[in-house]
Every structure is written in C-alpha cells, then in structure tokens.
Amino acid sequence: DSSVLADLDYVDTYKASRILCLSDMDMLFHRQLGIHALTKVKLPVRTRPHNSYDAAENRFVTYVGRIDFHAKGAERLIPIAKLMHERGLPPLQIYTTDGRNSPDLPAFTAMLAQAGLADWVTINYNITDKPTLYRNASRLLLPSKKESFGNVILEAFSFGVPVIAPSYAPGPAEIIRHGTDGLLLDDFSADAVVSRLETLTADELSRLSGNCH
C-alpha cells in the first residue's frame, strides 16, 4: 500500500544485487518483492560507557520520530497526551521534523490545539543531537502500527531509556524484551498506555534502564 512502491519508474531506477536487512520483518518484505539475496545484519549504535539514566531526573515521556499517521501512528499520541495532562503527569515531549517526511504534521498540530494541548505538549523540531533527544526522557513511546525495525529503540536503549511499543509492530516486538528492557502492549489505547506510565515505579524504571543500557 506504499505510493513509492507503486511508482514503477522509481522502483526500476534502483536495482540491488544483495540487500542488508536489519530485521526478520525486512527480510520477509523483500522476499515478497521477489528478492532473495538477503543478509541479516545488526545496526551499529554507539555503546555509551556509562548509563546516565536517573529515574528522578529523567522525567519526561518522549516521542522521537516523524509525524505520520499511516505507519508511525503519531495520532495516537493525542489521546495519550490528553489523559497524561488530566492525570497530572509531566508534559509529553515530542522531537520531530517539519520536513516532507512528516506529512501529517499540520493535522497533528491542529488536533493538539483542538484538544487544548498546544501549550502543554512540547514539540521540538529538527534536532539530531542524540544527548539532547534522550537525556531527559523517562520512557520512549513508539506508537507505530507498522515498523520493520525502529532505529530509535536502539538509540533510546543506548541512553538507558525504556521503550513502550505495540506488541504487533514487528520490528519493536523483535527487539524489545517485554518486562526486561521495555513494554510491548497488546492494547495501545490511551487508558492502557497511561496506566502503565503511572504504575511503573522508580525501582522498576531503574531496572529496565539497566537492562536497556
């Protein structure tokens, strides 16, 4: 259902003799395209020597990624943020881009305003410095409906930040160990997500963080 793959001129322009895949989902996808010269590799992410995560200091639930409703499920952040606000949790922090790869950003900001959250949710644009993205994060939300890998998971892990994602998104389900370094939820509704945000204690967060790192 991808418009890019429907553009045969685009597809025919790029020919590959072998594809390096980051996940089993990537391999299945390319096999569906008739490509079988595949090699599974691990994405290199810098390993930081010390875990700087502190449950008392890392206070903000965070989203890092483009604003896209089709695959990334970014619209799910609106009811989650609304319930977080009602429950008195710290503001949701969003790090995204205002470029072409955030196609639903105008709709997203309009939905935030309609929900009365425009001044409560913090949106930061076009930041690529990893310490800035993750240094204050307590948990990373990854609401993706479709995700073949999820680079942000490994980035968050390198900073000791646990990740909460849907159990049915193939990439996150392959990387995250439920209850060990993050949470995989069958139900990613606002009630389910915020309930888990509220019930994770500082000790549990510290344990998850240590396993992430």
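How many helices and how many strands are there in the protein? There are ten helices and eight strands, and before I go through some of them I should say that what we have here is a predicted model.

Let me begin with confidence, since it governs how the rest may be read. The mean pLDDT of the protein is 92, with 97% of the residues at 70 or more. Helix α4, residues 77–86, has the highest confidence, at a mean of 98, whereas helix α1, residues 3–6, has the lowest, at 68. Where pLDDT is low, the predicted coordinates should not be read in detail.

Turning to overall dimensions, the C-alpha atoms fill a box of roughly 50 × 40 × 30 Å along the principal axes. The radius of gyration is 18 Å, which agrees with a compact globule, because a globule of 213 residues would be expected near 17 Å. Of those 213 residues, 43% are buried, and the accessible surface comes to about 11,200 Å², with 52% of that area belonging to carbon and sulfur atoms. As for contacts, if we take those between residues at least 6 apart in sequence, 65% of them join residues at least 24 apart.

Now for one piece of local architecture. Strand β4, residues 93–96, and strand β5, residues 122–125, run parallel and are joined by four bridges; within this pairing, isoleucine 94 has isoleucine 123 in β5 as its bridge partner. Together with helix α5, residues 105–114, the strands β4 and β5 make a β-α-β unit, and that unit is right-handed.

Note on methods. Residues are numbered from 1 along each chain as its sequence is written. This is a predicted model: local features need pLDDT of at least 70, side-chain atom pairs count only at pLDDT 80 or more; totals for chains, interfaces and linings use all residues. Side-chain values use heavy atoms; hydrogens and water are left out. pLDDT is the predictor's confidence in each residue, from 0 to 100. Helices (H or I, at least four residues) and strands (E, at least two) are DSSP runs, numbered from the N terminus. Two strands pair if DSSP finds at least two bridges between them. A crossover is right-handed if, with the strands pointing away from the viewer, the path from the first strand over the helix to the second runs clockwise. The radius of gyration is taken over C-alpha atoms; the globule rule is 2.2 Å times the number of residues to the power 0.38. Buried means under 20% relative accessible area, exposed over 50%, partly exposed in between (1.4 Å probe, protein chains only). Contact means heavy atoms within 4.5 Å. Accessible areas come from the Shrake-Rupley method with a 1.4 Å probe; for residues, only the protein chains shown count as cover.
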